[in-house]
Amino acid sequence: MILRQSFVWLLCLIGIFSWTAVASAEDLPTPRSIIFATGQEAAAQQVIPAARKYAAFWNTGEDRYAEAALAENFVDRTLPSGRPQGLKGVLEASKNFRAAIPDLRAEIEELLVVDDRAVVRYIFTGHFTGAFKDLKGDGRAISFRAVDIYRVQNGKISDNWHLEDNLALMQQLGVVKP
């Protein structure tokens with residue numbers, strides 16, 4: 001019985017990692033670490049691709065990745081003041097980031113899957129060569145972290161709770177003194 005369960009577990013892992021290899025051909029970011037509990041294999045097959053597509057959006061700024069990752073009824077549960085809800089708000093946020101940091105990159109440090117949720121630890125990097133409010137970029141390196149929690153339904157992110165290290169970002173941009 002234990003051998004049979006181990007074999008089934010191994011087949012599930014092979015399926016998930018095979019899918020991950022295929023998705024890599026789409027240039028989706030590969031998490032440094034993916035963690036899910038035994039019995040979460042089916043959930044992981046829905047959650048991991050959605051999280052990676054959304055990371056590809058932040059990594060490239062290409063709308064097609066956000067459109068592929070987010071459900072039509074997507075809700076930002078920690079919506080910043082003044083940002084529109086839904087896909088429109090996400091696209092606007094990316095454009096604003098890229099206006100200041102045109103080479104913005106997003107790397108998934110860790111992806112944790114629990115049922116229909118993903119907890120994603122990101123590190124964002126780039127160079128301040130654009131403009132932010134009244135500040136003109138001087139090429140300085142930017143690096144800040146974020147944590148997102150996604151709820152995934154039918155293979156798409158329906159809800160997002162996120163927290164960015166905005167203090168570090170504002171200090172690095174020169175908006176706030178360290």
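The largest pocket of the model, which is a predicted one, has a lining of 30 residues, and those nearest its centre are P80, R83, A93, F97 and N166. Two or more lining residues are supplied by each of helix 2 (41–60), helix 4 (87–100), strand 4, strand 5 (131–132), strand 7 (140–153), strand 8 and helix 5 (166–173). Helix 4 provides the largest share of the lining, with seven residues. By residue type, the lining of the largest pocket consists of 17 nonpolar, seven polar and six charged residues. The space in this pocket amounts to about 620 Å³.

The elements named above belong to a protein chain with five helices and eight strands. Read from the N terminus, the order of elements is α-β-α-α-β-α-β-β-β-β-β-β-α. The protein chain has 178 residues, and buried residues account for 40% of them. Its accessible surface is about 9,600 Å², and carbon and sulfur atoms contribute 57% of that surface. When contacts between residues at least 6 apart in sequence are considered, 60% are found to join residues at least 24 apart.

One pair of residues distant in sequence is A44 and L112. These two residues are 68 residues apart along the chain, and their C-alpha atoms are separated by 9.2 Å. A44 is part of helix 2. The relative accessible area of A44 is 1%, so this residue is buried.

Helix 5, one of the elements that contribute to the pocket lining, has A168, L169, M170 and L173 as its buried residues. These buried residues pack against helix 4, strand 4, strand 5, strand 6 (135–136) and strand 7. Among these packing partners, helix 4, strand 4, strand 5 and strand 7 also give two or more residues to the lining of the largest pocket. After helix 5 comes G174, which has a positive phi, near 95°.

Strand 8 (residues 156–164) contains N160. N160 has a relative accessibility of 2% and therefore counts as buried. With residues up to four places away in sequence left out, N160 touches Y54, F74, V75, D76, R77, T78, D148, I149 and Y150.

D76, one of the residues touched by N160, also takes part in a salt bridge. The partner of D76 is R83, and the closest N and O atoms of the pair are 3.7 Å apart. The two residues of this bridge fall into separate accessibility classes: D76 is buried, because its relative accessible area is 6% and the limit for buried is under 20%, whereas R83 is partly exposed at 22%. R83 is also among the residues nearest the centre of the largest pocket.

In total, 13 salt bridges are counted. One of them joins the side chains of R32 and E109, with an N to O distance of 3.7 Å. R32 is located in the loop between helix 1 (2–24) and strand 1 (34–36), while E109 belongs to strand 3 (residues 105–114), so this salt bridge ties together parts that are 77 residues apart in sequence. R32 counts as exposed, at 56% relative accessibility. E109, by contrast, is buried, with a relative accessible area of 9%.

Another salt bridge is formed by E110 and R121, whose closest N and O atoms lie 3.0 Å apart. E110 is in strand 3 and R121 is in strand 4 (residues 117–128), so the pair connects parts that are 11 residues apart in sequence. E110 counts as partly exposed, at 23% relative accessibility. R121 is likewise partly exposed, and its relative accessible area is 34%.

The residues of these last two pairs belong to one network of salt bridges, in which R32, E107, E109, E110, R121 and R145 are linked.

Note on methods
Residues numbered from 1 in each chain as written. Predicted model: local features only at pLDDT ≥ 70, side-chain atom pairs only at ≥ 80, totals over all residues. Heavy atoms only, no water. Helix = DSSP H or I, 4+ residues; strand = E, 2+ residues; numbered from the N terminus. Buried < 20%, exposed > 50% of the residue type's maximum accessible area, 1.4 Å probe, protein only. Contact = heavy atoms within 4.5 Å. Areas by Shrake-Rupley, 256 points an atom, 1.4 Å probe, with all protein chains shown as cover. Salt bridge = Lys/Arg side-chain N within 4 Å of Asp/Glu carboxyl O. 1 Å grid on protein atoms, 1.4 Å probe; cavity = no way out; pocket = protein on both sides within 12 Å on 5 of 7 lines; lining within 4 Å. Points joined across faces, edges and corners; volume = space filled by probe spheres on them. Nonpolar A, V, L, I, M, F, W, Y, C, P; charged D, E, K, R; others polar.
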